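Reader: I am new to this structure and would be grateful for a guided introduction. May I put my questions one at a time?

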Amino acid sequence: MTQSRTHTCNELRSSNIGEKVTLVGWYENLRKVSKNLGFLILRDFYGTTQIVIDTEDMMSIIDSINNESTIRVDGIVRERSSKNENLSTGDIEVVPGKITLLGECRHQALPFEINRSTEADENLRLKYRYLDLRNPKIKDKIVLRSKIIAELRQRMTELGFLEITTPILTCSSPEGARDYLVPSRLHEGKFYALPQAPQQFKQILMASGFDRYFQIAPCFRDEDARADRSPGEFYQLDMEMAFADQEDVFAVNEEVLPPVFEKYGVYKNSSKTPFRRIPYLESLERYGTDKPDLRIDLEIQDASELLSDCGFQPFEGNIIKAIVMDQFQASRKVIDKICSDVEVTSGSKAYWFKYTEDKAFSGGISKFLKDKQSEIVEKLNLQPGDFIGLTAGKKSEAQKSAGVLRNLLGANCDAHMKKDCYEFCWIVDFPMYEIGEESGELEFCHNPFSMPQGGIDALNNQETLEILAYQYDLVCNGIELSSGAVRNHDPKIMIKAFNMIGLGEEDVMAKFPAMYNAFCFGAPPHAGIAPGIDRMIMLITGDESIREIIPFPMNKNAMDLMMNAPAPVTEKQLDDVHIQIKKEENQE
């Protein structure tokens, strides 16, 4: 006996013919042949079973029940006369002796057809997410998510990591995104914050004597949604190791992740270990991004010296990047669409020309290049039939737009992109500092808790913008799965690192009091990383939107349409936490 049923809707086989059974589930649909003959599909979590309605009395019962109601069927299993090889229960059917309504669907018209819910508007799907999740295709992704998380836990435990949960209510801390704040009832004017990551807690655990920590950690960041980023809440495989360095972190992740991708992924091939390691600045030069999609074999060349004086005004005084591509037989319409998409994505234009089979330049900006044709052919190593894509601007702009162009060209040419595999790489050697685009001042480039390469000596003696940090990103198929670092566990080095951006010891103690004080009692060298669970599963399932693999996601505007959140609260609730809403006055 399983709950109130004898079998699930995916369990009955020919061996059960003649047995009395009880099934429960959702009334999916009815193919009605006549007033006393019809074929009902009953669906539960596990699958479907055909129920034969072969009497007028039974048909009248079904006629009074709306689709998607839950029912109980007591009946006899018999052999199907017309078998369905596509169903595991396709050899049998059940003839009901009794049908009982368990949960009425009070709506005759559904907002969308369950088995075609993915074709509906996304906001409609999210508003009726409980119906969307009844779609077996959607349900299977949530089941897969559960299996993947269980396997990650098992693998981490087998490697000696201890699962420890860290607090959800904590203090606001500068992590790079906006906090979600929670007002305190007991402490007027003070606020908790939901953690953007368990960063400080896991480092304090290392200072507390724990050796290997992990958790499937919920993280909260008030940031805009993207296809690969969910606003509000997301989960990561958070881990930290004491007395460890960068190589230890790489070894653990290279042992844990590839087998999971190969076992559950839509692609069965994954990068061999050790993964490629690409310095940050090299990645920008060769791929135009610090998240390179290594399934694409195209690389970016610098053509600044070659083309800056060709007479094409957008090239004058700018950095110019070129991508040479053979076997690209796209139409002018496709090329124009690629160039348009580059501008939309990067904010910078893309240009192009072709080196034809008769060894002449044509199309795009070719008229500006004909006087330098022999030099261009030699320097770019062109072969007849090549397509050349170009971008220009300040260095960062030219790199970024070239990176976008590279991805679009690869996606439009099977000869230059392997689409049936997972290509991992480590991006390493991030700069410790950078000049902020908005502030114009010196800022931490990646993570303020990172150890500078060369320690205190580098901070004292190297040019500030040339100091590298022990920071690393894990990238798969052009998507950043995780950032990590060897941590700055030495209070003296930490103070010096913050001094470089104008903060003193008092500032560090005020911003990170617990972690700083813990390190003053003797902290071990430690390192960690936190691969994103949601992005990982999105890659494994091959989905283009992260919302497809989250049970109850927010929409693009950070709204939960099903629960109607965020929502207003009562004045009493606001008074309890000492909050007053300041409404903006209408401006004339």
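Author: A definition comes before the questions: a residue is buried under 20% relative accessible area, exposed over 50%, and partly exposed in between, with a 1.4 Å probe and protein chains only. The model is predicted, so local features need pLDDT of at least 70 and side-chain atom pairs count only at pLDDT 80 or more, while totals for chains, interfaces and linings use all residues. Residues are numbered from 1 along each chain as its sequence is written, and side-chain values use heavy atoms, with hydrogens and water left out.

Reader: Is Lys139 buried or exposed?

Author: Lys139 is found in helix H4, residues 136–158; helices are DSSP runs of H or I with at least four residues, strands are runs of E with at least two, and both are numbered from the N terminus. The relative accessible area of Lys139 is 17%. Because the limit is under 20%, Lys139 counts as buried.

Reader: Which residue offers its backbone oxygen to the side chain of Lys139?

Author: Leaving aside neighbours within four places in sequence, Lys139 is in contact (heavy atoms within 4.5 Å) with Phe45 and Leu133. A polar atom of the Lys139 side chain lies 2.5 Å from the backbone oxygen of Phe45. The residue asked for is Phe45.

Reader: What is the relative accessibility of Asp386, and is Asp386 buried or exposed?

Author: Asp386 lies in strand E16, residues 386–393. Its contacts, apart from neighbours within four places in sequence, are Val324, Met325, Asp326, Lys354, Tyr355 and Asn381. The relative accessibility of Asp386 is 5%, so Asp386 counts as buried.

Reader: Which backbone nitrogen does the side chain of Asp386 reach?

Author: The distance is 2.7 Å from the side chain of Asp386. The backbone nitrogen belongs to Gln383.

Reader: Where is Ile546 found, and is Ile546 buried or exposed?

Author: Ile546 is found in the loop between helix H16 (533–541) and helix H17 (571–576). Leaving aside neighbours within four places in sequence, its contacts include Arg226, Ser230 and Met538. With a relative accessible area of 2%, Ile546 is buried.

Reader: Is Asn564 buried or exposed?

Author: Asn564 is placed in the loop between H16 and H17. Although Asn564 is not a glycine, its phi is positive, at about 60 degrees. Its relative accessibility is 53%, so Asn564 counts as exposed.

Reader: Which peptide bond to Pro566 is cis?

Author: Pro566 lies in the loop between H16 and H17. Omega is near 0 degrees for the cis bond in question. That bond runs from Ala565 to Pro566.

Reader: Which helix gives the most residues to the largest nonpolar core?

Author: A nonpolar core is a set of buried Ala, Val, Leu, Ile, Met, Phe, Trp, Tyr and Cys residues joined through side-chain atoms within 4.5 Å. The largest has 63 residues, of which Leu152, Phe261 and Tyr472 touch the most other members. With eight residues, the helix that gives the most to this core is H6, residues 246–264.

Reader: How much of the protein counts as buried?

Author: The secondary structure comes to 17 helices and 22 strands. The C-alpha atoms fill a box of roughly 90 × 75 × 65 Å along the principal axes. Of the 588 residues of the protein, the share that counts as buried is 49%.

How values were computed
A polar contact is a pair of N or O atoms within 3.5 Å; within protein, one must be able to donate a hydrogen and the other to accept it, and residues adjacent in sequence count only if both atoms are side-chain atoms.
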